[in-house]
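This report looks at two sites in one protein model, taking a pocket before turning to the ligand.

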Amino acid sequence: MKQNVWNPIETAPVAELQALQTARLIHTVHHVYENVPCYRARMDAAGVGPGDIRTLEDLSRLPFTYKQDLRDTYPYGMFAVPMEEVVELHASSGTTGKQIVVGYTRGDLEVWGDTTARALVAAGGTPGSKIHVSYGYGLFTGGLGLDHGAKTLGAVAIPVSAGNTQRQIQILRDFGSDILCCTPSYATYIGETLAEMGVDPSELKLSAGIFGAEPWTEDARHKIEGLLGIKAYDIYGLTEIIGPGVAYECSCQQGMHICEDHFIPEIIDPDTGETLPLGQAGELVFTCITKEAFPLIRYRTRDIATLSREACPCGRTLIKMSKPRGRTDDMLIIRGVNVFPSQIESVLFQTGQTSPHYLLVVDRVGNVDTLEILVEMSPDFEFDAVRLVEQKQREIAESVQSTLGISAKISLVSPKTIQRSEGKATRVIDKRRLYE
Ligand code: DLL
């Protein structure tokens, strides 16, 4: 099932790719050592000079970069070029702490456009396709990231940005959008609104969606595909590395291909920092090897995933990453049990008659952690029948207990009571943080 690819490097022999990575890594290590005081100091302290990095194996000799480093050098301390060469800035606030700022040269924007164009082509995009971008425009990288890709491809960017959902649907229908780009939670919201407005998905030209910026499950994929009548593709990225387009899915959907000609991935044990073999789950770490303005070395993403070099039927040779299970800092520890919100989402989908909308409320009563799962029932659920509600709550509690090993209070709530998201959904309220 060979597919169209945007850039021939996507299907290059691995040896060729690795030779390219090696040359680019050597160049970047010199670049950061000469231009970023933080890297020079780190490398000096670790006793590694740029001349010591000659092969891909040498990468592990370099020190890690942490989000805290970017905060400590806020706003421009990690920039590796003078501001005269920077043409765009973006920022990410994250859920906690000071925001970080990233910059792009003209060359960096070309790389970014190329990587997101790969994602668009992998989802069936061609020059002339209408790309409806409902990721937020502004300092968030989602909107402009896909926009750069659409223009690079020669497709038509429709910069709708997030919000005003009924208008989104009008534009989808009237403009004849082919590919929808937004977060999976917003795609669900758009799909539900479509149904409420009585618009049949067949009235749209939409064939695919490119959804990312937050974790989502395979069940969520099927739900969105049904609501919108499309094939749903995953896309991964983070502001610090470039934004969306670090990795993207092809139609085989056996993982996301990492643009490893630009970003070298590693998986490490988050506790020891030790590099783990392919296939083992751990923290994703990226090294940028072509960035000019903001090249990060061994950046700790905190995302937990696996890597695979298994041949992909699409013909791409780029290494694949699994859907990130979540971030180490999103992982909840409830009475000593580690659980990611996405694992709870899977259980909720499997119990049926629930909608994809839920909220986890974690608290501490006395010295004991408590978990309450608010979950919306689908509109066809008979809410008035108390016995049915109690039975469903018990059923979900038992599934959570048997699958994840934690007890939780389940509260079924009526449809449309959990707030909808136009960007990244808030799934957790951890009240324990208030006591820290
Ligand atoms: O979310 C960039 C982006 C925009 C990616 C649009 C895809 C589409 P940040 O706001 O810096 O950047 O957040 C990055 O979001 O470290 C992951 O934890 C999470 N994330 C991004 N894509 C995915 C995905 C953008 N496909 C953080 N699946 C990352 C799961 C994702 N988590």
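## The second largest pocket

In this predicted model, the second largest pocket is lined by 18 residues, and those lying nearest its centre are Leu56, Ile264, Pro265, Glu266 and Thr275. The elements that give two or more residues to this lining are α1 (14-35) and β10 (263-268), with the largest share, four residues, coming from β10.

The volume of the second largest pocket is about 430 Å³. Sorted by class, its lining residues comprise 10 nonpolar, four polar and four charged.

## The shell around the ligand

The ligand is surrounded by 20 residues, of which Asp234, Ile235, Thr239, Asp303 and Arg327 come nearest. Both α5 (141-153) and β7 (231-238) supply at least two residues of this shell, and β7 provides the largest share of the shell, namely five residues. In terms of class, nine residues of the shell are nonpolar, five are polar and six are charged.

## Polar contacts and burial of the ligand

Thr239, one of the residues that come nearest to the ligand, has an N or O atom in its side chain that is 2.5 Å from an oxygen atom of the ligand. Two further residues approach a nitrogen atom of the ligand through the backbone: for Glu214, a backbone N or O atom lies at 3.3 Å, while for Pro215 the corresponding distance from a backbone N or O atom is 3.5 Å. The ligand taken alone exposes 610 Å², and the protein buries 93% of that area.

Note on methods
Residues numbered from 1 in each chain as written. Predicted model: local features only at pLDDT ≥ 70, side-chain atom pairs only at ≥ 80, totals over all residues. Heavy atoms only, no water. Near = heavy atom within 4 Å. Polar contact = N/O pair within 3.5 Å; in protein donor to acceptor, adjacent residues only side chain to side chain. Areas by Shrake-Rupley, 256 points an atom, 1.4 Å probe, with all protein chains shown as cover. Nonpolar A, V, L, I, M, F, W, Y, C, P; charged D, E, K, R; others polar. 1 Å grid on protein atoms, 1.4 Å probe; cavity = no way out; pocket = protein on both sides within 12 Å on 5 of 7 lines; lining within 4 Å. Points joined across faces, edges and corners; volume = space filled by probe spheres on them.
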